Amino acid sequence: IKGLFLDDERNPEDVNWELLGTSRKYPDNIEWIIVRTRSAFQEACETGEYTHYSFDHDIQDFRTIKKGTVIADTSFGTIYQEEDEVVEHTGYHCAKDLKDYLEMWFDDKVKMEAFYVHSKNPIGSQNIYDVLK
């Protein structure tokens, strides 16, 4: 069994608390691939095949969108970023990405037998759980 584990600092063996949505711990037979950022999560989903996923919410993944960056091209013209803006990517964003992958590649490339939320952020955990349940 292959699993994708998203966390900015912990490893699967560090998680010794009850996981949201289940009263059990991780199965022993999962070979975890650890990713630390949203871009690494996206790349792993696109290039690997996993059946189990585990999410932290607060992954400390910040990006700066520079002033003048093209945001969109519309029929009214190009829209540019007006000021530098720091945006945070979280496990919730990754869960939404996974949901999109599952809908796009259903029964083909991306499969999900189980997901876990190991974040200690109660609101973030619930948001991730609600996206994927």
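These exercises work through a predicted model of one protein chain.

**Exercise 1. The chain as a whole**

Task: State how many helices and strands the protein chain has, and in what order they run.

Solution:
- Count the elements. The chain holds three helices and eight strands.
- Read from the N terminus. The order is β-β-α-β-β-β-β-β-α-β-α.
- Add the extent. The C-alpha trace spans about 55 × 30 × 25 Å along its principal axes.
- Add the burial. Of the 133 residues, 39% count as buried.

**Exercise 2. Aspartate 97**

Task: Decide whether aspartate 97 is buried or exposed, and find what its side chain pairs with.

Solution:
- Locate the residue. Aspartate 97 sits in helix α2, which covers residues 91–104.
- Check the accessibility. Buried means under 20% relative accessible area. Aspartate 97 has 10% relative accessibility, so it counts as buried.
- List the contacts. Leaving out residues up to four places away in sequence, aspartate 97 touches Arg38 and Gln42.
- Find the polar contact. The side chains of aspartate 97 and arginine 38 are joined by one of 2.8 Å.

**Exercise 3. The cysteines**

Task: Work out why cysteine 45 and cysteine 94 form no disulfide.

Solution:
- Start with the total. The structure holds zero disulfides.
- Take the distance. For cysteine 45, the nearest cysteine sulfur is that of cysteine 94, 8.0 Å away.
- Apply the cut-off. A disulfide needs two cysteine sulfur atoms within 2.5 Å, so a pair 8.0 Å apart does not count.
- Check the burial. Cysteine 45 is buried, with a relative accessible area of 3%. Cysteine 94 is buried too, with 0%.

Note on methods. Residues are numbered from 1 along each chain as its sequence is written. This is a predicted model: local features need pLDDT of at least 70, side-chain atom pairs count only at pLDDT 80 or more; totals for chains, interfaces and linings use all residues. Side-chain values use heavy atoms; hydrogens and water are left out. Helices (H or I, at least four residues) and strands (E, at least two) are DSSP runs, numbered from the N terminus. Buried means under 20% relative accessible area, exposed over 50%, partly exposed in between (1.4 Å probe, protein chains only). A polar contact is a pair of N or O atoms within 3.5 Å; within protein, one must be able to donate a hydrogen and the other to accept it, and residues adjacent in sequence count only if both atoms are side-chain atoms. Contact means heavy atoms within 4.5 Å.
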